[in-house]
Amino acid sequence: MVKLTISVEVPAVAVPGRKPKSHIAAVREGTFRPDRNSEGTRFAARDPIEPDWDELLPGAGSADVRGKAHDVWARTIPALVAAAGLTDSQRETAIEYCVTVARLWQAERELSRHGLVVETERGNVKNPWVTIAHQYRSHFRSLVGELGLSPAAATRITPPDFGGDDDGDIFD
């Protein structure tokens, strides 16, 4: 009789307890240890390319949404590239943010035009745009946190290192 022993290493999934600190939090607090903290993923430094909004949001009824998405891209994405090092690899998240802001804007315009309550054959009911706005607002909040666009989330974003010896001293 032959005895066979098989050893399988199972990767850790969720570990109970406190969530580990981010790399920047550990550095800021002076508790960073290379054996316990990861610096995270580094992406190739390539600016994200603005999508073709006509292709992404087709249809005659989406013209104002396309314009708003373009405006949001032009106003927000260059700032994220400079401040947070947003790259082309993270482009889809940036596109999702722009579309979400544009659709939320569209929902709010429709609510302003028609009100929170609309009259139907069954009587007065909640305008369907209320639900749509609520869903887009929830998604907007998660994207704002992910991209570091709120004041609290911005403290968790590590600015890119463009080289040089500037230590942030304004008197250099």
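Q106 has its place in helix α4 of this predicted model, and with a relative accessible area of 13% the residue is buried, because anything under 20% is counted that way. If residues up to four places away in sequence are set aside, Q106 touches G61, V65 and W129. Two of these partners lead onward to the neighbouring helices, since V65 has its place in helix α3 and W129 is listed among the residues of α5 that meet α4.

Following the contact to V65 first, one arrives at a residue of helix α3 that counts as buried at 0% relative accessibility. Its contacts, once neighbours within four places in sequence are left aside, are L57, A102, R103 and Q106. V65 can also be set against W105, for the two residues lie 40 apart in sequence, yet their C-alpha atoms are 8.1 Å apart in space.

These contacts belong to the packing of α3 on α4, in which the two helices meet at an angle of about 130°, with their axes 8 Å apart. Angles over 145 degrees would count as roughly antiparallel and those from 65 to 115 as roughly perpendicular, and α3 and α4 are therefore oblique to each other. The crossing of α3 past α4 is right-handed. On the α3 side the interface includes D64, V65, K68 and W73, and on the α4 side the residues that they and their companions meet include A102, R103, W105, Q106 and R109.

Beside V65 in the numbering stands R66, which likewise lies in helix α3 and is buried, with a relative accessible area of 15%. Not counting residues up to four places away in sequence, R66 touches W53, D54, L57, P58 and G59. With D54 the contact is also a salt bridge, the closest N and O atoms of the pair being 2.8 Å apart. Because R66 lies in helix α3, which covers residues 63-84, and D54 in helix α2, which covers residues 53-56, this salt bridge ties together parts of the chain that are 12 residues apart in sequence.

Returning to α4, one finds a helix of 24 residues that reaches 35 Å from its first C-alpha to its last, a span close to the 34 Å expected at 1.5 Å a residue. After α4 comes G115, whose phi is positive, near 85°. Within the helix, E110 forms a salt bridge with R113, the closest N and O atoms lying 2.9 Å apart. E110 and R113 are three residues apart in helix α4, so about one helical turn separates them. An α-helix has 3.6 residues a turn, so residues three or four places apart point the same way. E110 is itself buried, with a relative accessible area of 16%.

The other neighbour of α4 to consider here is α5, and the two helices pack at an angle of about 150°, with their axes 9 Å apart. Since an angle over 145 degrees counts as roughly antiparallel, α4 and α5 are therefore described as roughly antiparallel to each other. In this pair α4 passes α5 in a left-handed crossing, whereas α3 passes α4 in a right-handed one. Among the α4 residues that take part in the packing against α5 are Y97, V101, L104, Q106, E108 and E110, and the α5 residues involved include W129, Y136, R137, F140 and L147. Q106 and V101 also appear on the α4 side of the packing with α3.

A salt bridge joins α4 and α5 as well, for the side chains of E108 and R137 meet at 2.5 Å, N to O. The pair links distant parts of the chain, with E108 in helix α4 (residues 91-114) and R137 in helix α5 (residues 128-147), 29 residues apart. Both partners are partly exposed, E108 with a relative accessible area of 31% and R137 with one of 32%. The count for the model comes to four salt bridges, among them the R66 to D54 pair, the E110 to R113 pair and the E108 to R137 pair.

Seen as a whole, the protein has six helices and two strands, and from the N terminus on its elements run α-α-α-α-β-β-α-α. Of its 172 residues, 24% count as buried, including Q106, V65, R66 and E110. Among contacts between residues at least 6 apart in sequence, 58% join residues at least 24 apart.

Definitions and conventions: Residues are numbered from 1 along each chain as its sequence is written. This is a predicted model: local features need pLDDT of at least 70, side-chain atom pairs count only at pLDDT 80 or more; totals for chains, interfaces and linings use all residues. Side-chain values use heavy atoms; hydrogens and water are left out. Helices (H or I, at least four residues) and strands (E, at least two) are DSSP runs, numbered from the N terminus. Buried means under 20% relative accessible area, exposed over 50%, partly exposed in between (1.4 Å probe, protein chains only). The expected span of a helix is 1.5 Å times one less than its number of residues. Axes are lines fitted to C-alpha atoms, for helices over the stretch in contact, and angles run from 0 to 180 degrees between N-to-C directions. Angles under 35 degrees count as roughly parallel, over 145 as roughly antiparallel, 65 to 115 as roughly perpendicular and the rest as oblique. A crossing is left-handed if the near helix is turned anticlockwise from the far one by less than a right angle, and right-handed if clockwise. Contact means heavy atoms within 4.5 Å.
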